[in-house]
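Q: Please take one part of this model and look at it closely, residue by residue. Once that part is clear, set it beside other features of the fold and its surface.

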Amino acid sequence: MNKAYRLHVDACNEVLSLMLAGSVLTRSDAVEKLTEAYRKRGIGPIRGWSSKNLYDKEMAMVYIVGKYGLGLDFSEHPMLSKILSAEADYEKIYGEILKGAKPSDVIQAIAGSIDKSIIFRVLRLVLTAVVLGFEAEEKLMKLYWTLAEEFKQYKRGFFTFMRFYVALRVAEKIALREIKSRSEKEALKLAICLKNNVKHMAPPDELIFLISKEVFGVPERVINKILGVAK
C-alpha cells in the first residue's frame, strides 16, 4: 500500500472499527468520526481546489480500505453496507462501464439519475483505489476518457480533475520526501503527464502546494524548498 497514505489508512481503520462495533450508526456520524480521526493526525482528505463536502467524499477512502485493505465482506456487515451504500453503487457503475456499457445508461439504472456529482464521485472512488495500490492507473484513465467522451458538457470539470490527479501524484512523492528539488518535481510532473497522454493538463505548482500541505500535512518550508511557491 502507498506509504504516503499511511495515516489516512490508519484513520479509516479507526472509523471502520467504530462502525463494526456499532458505535457509529449513520453516515453523518461516520463522516464526523472521520473528520476527527484525520484532524488529530494532522492530515486532510484527498482534495483539489474545492473544499466542498470533502469528508463525505472521503468516505470513498473508508470504503476502499474496508473492502480491499481489510478484506471485509460488506454483505456480512449490514451497518457497513448501509453507511457506504453510495460508494458500493459507484463501484458498480465503474465495473459496468469497464465492461463496455454506456455510462449514462449505467448511471441512470444504478443511481436513479444522471448528475455531475455522481460522475465525479465514481472517478474519485477509482482514483482512491489507484493511489492506494488496489487498482491499475490504466483503468482509471480508461474510465476517465470514456466518461469525458460522453459527458462533453463537463469538459472543464474533466480538465480540472486530471490536473488534480497529476498534482496529487506529485504531492505524494513530496510527502514521502522522494522529491527534493524543483527539477525533480518538474521531471516527475512531465513524466506523469506524458505517461497518461495529458501533457497539456500539467497542474500549477500552487495546486501541488495545496495538496502537499492540506492532504499530507507536509510543512510549508519543505514544500517551498521544492516548489519555490511563496505563501
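The part to examine is the loop that holds Arg177, and other charged, nonpolar and cysteine side chains come after it.

A: The model is predicted, and everything below should be read with that in mind. Arg177 sits in the loop that runs between α10 (155–175) and α11 (182–195). Two features meet at this residue, one in its backbone and one in its side chain. For the backbone, phi of Arg177 is near 65 degrees, which is a positive value in a residue other than glycine. Most residues other than glycine have a negative phi. For the side chain, Arg177 joins Lys180, Arg221 and Lys225 in a patch of positive charge on the surface. Its relative accessible area is 38%, so Arg177 counts as partly exposed, and because a patch takes only residues with over 30% relative accessible area, that value is enough for Arg177 to be admitted.

A useful companion is Asn197, whose phi is near 60 degrees and is again a positive value in a residue other than glycine. Asn197 lies in the loop between α11 and α12 (205–214), and with a relative accessibility of 63% it counts as exposed, whereas Arg177, at 38%, is partly exposed.

The positive patch is made of residues without a salt bridge, and it is therefore worth turning next to charged side chains that do have partners. Lys173 forms a salt bridge with Glu178, and the closest N and O atoms of this pair are 3.2 Å apart. Both ends are partly exposed, Lys173 at 30% relative accessibility and Glu178 at 47%. Beyond such a single pair, salt bridges that share partners join Arg182, Lys185, Glu186, Lys189 and Asp205 into one network.

In total the structure holds 22 salt bridges, and two more of them can be described in the same way. The side chains of Asp89 and Lys92 meet with an N to O distance of 4.0 Å. Asp89 and Lys92 are 3 residues apart in helix α6 (residues 85–98), which means that about one helical turn separates them. Asp89 is partly exposed at 25% relative accessibility, and Lys92 is likewise partly exposed, at 49%. In the other pair, the side chains of Lys139 and Glu135 meet in a salt bridge at 3.7 Å, N to O; Lys139 is partly exposed with a relative accessible area of 38%, and Glu135 is partly exposed with one of 22%.

Helix α6 also holds Ala86, which is partly exposed with a relative accessible area of 22%. The C-alpha atom of Ala86 is 9.4 Å from that of Arg121, although these two residues are 35 residues apart along the chain. A comparable note can be made for helix α5 (residues 78–83), where Met79 is found. Met79 counts as partly exposed, at 26% relative accessibility, and its C-alpha atom is separated by 7.8 Å from that of Gly22, with their positions 57 residues apart along the chain.

The surface carries nonpolar side chains as well as charged ones. Met1, Tyr68 and Phe134 make a nonpolar surface patch of about 290 Å². Met1 lies in the segment before α1 (6–20), and because its relative accessibility is 53%, Met1 counts as exposed; this value is over the 30% that a patch requires, so the accessibility condition is met for Met1.

The cysteines give a contrast to these surface residues. Cys12 is buried, with a relative accessible area of 0%, and Cys193 is also buried, with a relative accessible area of 1%. The structure holds 0 disulfides, which means that no pair of cysteine sulfur atoms in the model comes within 2.5 Å.

To return to the starting point, Arg177 is a loop residue between α10 and α11 that combines a positive phi with a place in the positive patch shared with Lys180, Arg221 and Lys225.

Note on methods:
Residues numbered from 1 in each chain as written. Predicted model: local features only at pLDDT ≥ 70, side-chain atom pairs only at ≥ 80, totals over all residues. Heavy atoms only, no water. Patch = residues over 30% accessible without salt bridge, like charges linked within 9 Å, V, L, I, M, F, W, Y side chains within 5 Å. Areas by Shrake-Rupley, 256 points an atom, 1.4 Å probe, with all protein chains shown as cover. Lys, Arg positive; Asp, Glu negative; His and termini not counted. Charge placed at Lys NZ, Arg CZ, Asp CG, Glu CD. Helix = DSSP H or I, 4+ residues; strand = E, 2+ residues; numbered from the N terminus. Buried < 20%, exposed > 50% of the residue type's maximum accessible area, 1.4 Å probe, protein only.
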